[in-house]
Structure formats: structure tokens, C-alpha cells
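Biologist: Could you take one spot where helices pack and walk me through it slowly? I'd like to hear how the pieces sit against each other and what surrounds them.

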Amino acid sequence: MISRRPGGRTSVHNMRVDILSKEYPPQIYGGAGVHVAELVRALRHRGDIDVQVRCFGGERNEVDTTGYVDLPQLASANMAICTLGVDLAMVRDCAGADLVHSHTWYANMAGHLASLLAGVPHVVSAHSLEPLRPWKAEQLGGGYAVSSWVERTAYEGAAAVIAVSAGMRRDVLRSYPWLDPTLVHVVHNGIDSQLWQKDTSPHALELLANRGVDPTRPSVVFVGRITRQKGLPYLLRAAAQLPPEVQLVLCAGAPDTPELLAEVEALIVELQRGRAGVVWISEMLPRAEVIALLSAATVFACPSVYEPLGIVNLEAMACELAVVATATGGIPEVVVDGETGWLVPIEQVADGSGAPVDPDRFVSDLAWALNQAVSDPHRARRFGQAGRRRVVENFSWSSIGDQTMAVYESVLG
């Protein structure tokens with residue numbers, strides 16, 4: 001078992017932690033970026049810790065935050081190699097930190113090398129795992145072997161691993177069985193329930209009208225990237241079984257590959273031929289517009305085949321929206337079946353892809369749950385209100401900041 005703990009100073013008051021991430025505002029495209037932004041805010045709010053942020057994407061207009069551009073010498077290299085170039089640029093600036101904390105494989109090597117150079121602990125947050133995303137080989141080619149090596153190396157050398165759910169912790173220990181289980185901690189993702197709450201104001205209604213969404217009609221809404229793990233093609237097939245008056249609102253962009261985009265486009269076109277009210281929004285939306293869409297919907301759909309926790313579900317629940325989601329990964333730790341929504345069963349193949357053993361059965365079960373929601377809007381509303389209560393009580397960022405600080409203290413001794 002690997003349980004190496006790099007040395008660090010024993011006092012944790014006013015310590016300096018360098019948080020390393022690919023995503024950071026304003027460049028956020030997934031749940032990991034949301035997590036980093038909110039965690040940094042919560043830690044800085046404490047007042048007893050110096051948090052330096054190092055992120056990809058160039059200069060940021062924020063104190064104690066440094067952005068790093070891709071190295072021009074690697075402009076034509078595989079994306080995984082470009083990533084390592086940014087990591088190397090980050091490493092030098094980590095000198096003086098008491099602890100480094102990296103998020104996703106993109107920043108893991110920066111944390112690992114900074115830890116080796118300075119002899120300080122490296123904490124890794126597990127938002128996803130490369131062994132459980134084999135479809136990335138479509139996107140990265142040989143770079144997927146590089147990203148997998150980076151992640152494995154970082155986890156092996158980490159002083160602690162933070163998993164965003166108990167389901168993710170199980171995945172970490174299954175993917176890297178030689179890790180010391182006592183070093184793998186669970187700290188859930190969170191939500192700012194003041195920023196995310198139901199909005200049916202005239203301005204919100206105007207935003208809906210601009211997108212062609214009718215708030216008087218029932219609607220199913222999806223928010224997520226066009227990537228295999230989000231399961232959008234299954235939802236598009238299930239939507240064909242919804243009553244004709246139900247709208248389908250898809251906030252779906254950033255496709256992993258042209259092939260997957262073409263598959264999704266074809267399914268949407270086919271759906272639009274047979275029904276009205278299919279709205280596809282492919283650009284990233286500002287939070288106010290996402291909130292307006294969630295607030296007007298009947299149910300939120302999360303058909304993911306791989307989801308360590310699913311911040312999108314927390315966002316929907318915070319807006320008092322019932323959720324239909326796959327019973328996989330960390331989702332059952334957020335969505336309570338029969339209380340805040342419906343969990344859709346799935347039997348998944350064992351090759352790491354998360355794909356359903358019986359895709360037709362999964363689509364049928366997904367359609368059944370969505371129909372349950374839209375056929376009884378009063379029950380869906382009750383589930384949504386219960387979801388809001390659950391989010392407020394269990395998923396605050398201040399609590400998550402405290403739990404993360406406790407992990408830091410454990411590795412600093």
C-alpha cells in the first residue's frame with residue numbers, strides 16, 4: 001500500500017495552499033470548475049488560510065490568482081502534451097506553498113512535481129477517473145494513455161485523495177487498489193443555495209421567451225456537455241415516448257468529438273420531425289438564464305452513465321426542480337428516490353465505459369420515470385421542494401470548506 005506523506009510544517013494557521021486547476025472563472029465548462037471556484041471562495045472566506053490559485057487559460061483579474069497560457073512551442077502537439085507544458089509552467093510558482101491541491105488529471109502533474117520539488121504534501125481531488133472514461137481515447141488518441149499515466153502517478157504519490165462522493169471513493173479504490181484506503185476521504189460537492197434558487201420573475205420569463213420556451217407547458221430540461229458520460233443520446237431516444245405537449249429543453253454544448261456531435265444532431269433532428277417544443281441551446285449560458293430554465297421546468301433529466309456526484313442535480317434541486325437521474329456513481333447520494341425525484345436503474349458493462357448492458361431497457365426505464373414526472377406535476381413540485389430543503393441542509397460550501405481544511409490538517413500533522 002502506498003501511504004507516503006511528504007513532510008510539511010505542523011502549524012496550519014495562515015498556511016499557504018496552492019490550488020491547481022484547468023478550469024477557473026470565467027473559463028468553466030464542467031462540475032470540477034464549479035467545485036474549484038466555490039471551494040476557493042469558501043476557503044478564502046475563513047480568513048485563516050492563504051489560497052493561491054493557479055489555473056489554465058491566461059491572465060485572470062483576481063488577486064492571488066495566476067493563469068497560464070499554453071506553451072507556443074507545443075501548439076501542434078497532442079492535447080495531453082500541451083497540458084503537461086502548462087503544468088510545468090505552474091510548478092516553479094508553487095515554491096513557498098505549504099500544501100498543493102490539484103483538481104483533475106489536467107493539473108495533477110503540476111501538483112505531483114511541486115510536491116517532489118518542495119517536499120510538501122500533494123492533495124488530489126477526484127472529480128472523475130481516467131480508467132472509467134475509456135471513450136476519451138476517441139478524443140485524445142494516444143494522449144489518453146498519457147492522461148491515464150499522469151493520473152495514476154499523481155494518485156500514487158498523493159498525501160491524500162478527496163473523493164466527491166462515497167461512490168467516487170469506491171471507484172478510486174477499485175481503479176487504484178494499491179492506495180491506502182485511510183488516505184481516501186469523502187468531501188461532497190456543494191451548492192450556493194443563495195445563488196441558485198427558483199426565479200419566476202418577469203425578467204426570467206423574458207429570458208424563456210427569448211429561447212422559445214413556453215412556461216405554461218410542461219418541460220423536461222437537460223444541462224450538460226455532449227460527452228459519452230452524460231448519456232444525452234439515451235435521453236433523446238426516451239423523449240420520443242413523452243406526451244406531445246411536453247417540451248424538451250437541451251442546454252448541451254462542448255462536444256467531445258465531431259462524431260458524437262453528429263450523432264446527437266441526428267437524434268435531435270429526428271425528434272424535431274415528430275414533435276414541437278424541442279429547444280436546443282448549444283452555447284454556455286449565464287447562470288441567470290440556466291436558473292430561469294430550471295425554474296420553469298417540470299423535471300430535470302440526468303441520464304449520465306458516469307457521474308461522480310453531479311453538481312447539475314444540486315443546481316436543479318436548489319431551484320426546486322424534481323430530478324430523474326441514473327442510479328449510478330454518486331447520484332444516489334444526492335437524489336433520493338421517491339422523495340426528491342426518480343432514480344433510473346441501470347446495469348452497466350464491466351469495461352469501464354459505463355454503457356448500459358441493455359440500452360433499450362435503460363431508455364424505456366428513463367422514459368417511464370420522465371412520464372411519471374410530467375403526468376403528475378403536483379408530485380413533481382413536492383419532490384422539487386424537498387430537493388431544495390435537502391440541498392440547503394446537506395450541501396453548503398462553508399461545510400465543504402471546513403471538511404477540506406480538515407483533510408489539509410490531517411496531512412500536515
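Modeller: Sure, let's start with α11 and α13, which lie roughly perpendicular to each other. Keep in mind that this is a predicted model. The angle between α11 (residues 311-318) and α13 (residues 377-394) is about 115 degrees, and their axes are 7 Å apart. That pair gets the label because angles of 65 to 115 degrees count as roughly perpendicular. As for handedness, the α11/α13 crossing is left-handed.

Now the side of it you can click through. From α11, the residues in contact are Leu314, Met317 and Ala318. On the α13 side they meet Gly384, Gly387, Arg388, Arg390 and Val391. Sorted by class, that contact has 4 nonpolar, 2 polar and 2 charged residues.

Two of those α13 residues have another partner. Ser193 touches Arg388 and Val391, plus Val392, leaving aside residues up to four places away in sequence. You'll find Ser193 in the loop between β7 (184-186) and α7 (202-211). Its relative accessibility is 14%, so Ser193 counts as buried; the cut-off for that is under 20%.

α13 has a second helix to deal with, namely α12 (residues 359-375). Here the angle is about 100 degrees and the axes are 5 Å apart, so α12 and α13 are roughly perpendicular too. The α12 residues involved are Gln372, Ala373, Val374 and Ser375, and they meet Pro377, Arg379 and Ala380 of α13. The class split for this contact is 4 nonpolar, 2 polar and 1 charged.

Back to α11, this time by way of Phe300. Not counting residues up to four places away in sequence, Phe300 touches a long list, including Val312, Asn313 and Ala316, and α11 spans residues 311-318. Also among the contacts of Phe300 are Val221, Phe222, Val223, Leu294, Leu321, Ala322, Val323 and Val324.

Phe300 is worth a click for another reason: within the largest nonpolar core, which has 54 residues, Phe300 is among those with the most contacts, along with Tyr155, Val172 and Leu294. Helix α10 (residues 287-296) gives the most to this core, with 6 residues. There's also a second, separate core of 38 residues, and Ile226, Ala239, Val299 and Leu366 are among its members. Leu366 takes you back to α12, which covers residues 359-375.

Note on methods. Residues are numbered from 1 along each chain as its sequence is written. This is a predicted model: local features need pLDDT of at least 70, side-chain atom pairs count only at pLDDT 80 or more; totals for chains, interfaces and linings use all residues. Side-chain values use heavy atoms; hydrogens and water are left out. Axes are lines fitted to C-alpha atoms, for helices over the stretch in contact, and angles run from 0 to 180 degrees between N-to-C directions. Helices (H or I, at least four residues) and strands (E, at least two) are DSSP runs, numbered from the N terminus. Angles under 35 degrees count as roughly parallel, over 145 as roughly antiparallel, 65 to 115 as roughly perpendicular and the rest as oblique. A crossing is left-handed if the near helix is turned anticlockwise from the far one by less than a right angle, and right-handed if clockwise. Contact means heavy atoms within 4.5 Å. Ala, Val, Leu, Ile, Met, Phe, Trp, Tyr, Cys and Pro count as nonpolar, Asp, Glu, Lys and Arg as charged, and the others, Gly among them, as polar. A nonpolar core is a set of buried Ala, Val, Leu, Ile, Met, Phe, Trp, Tyr and Cys residues joined through side-chain atoms within 4.5 Å. Buried means under 20% relative accessible area, exposed over 50%, partly exposed in between (1.4 Å probe, protein chains only).
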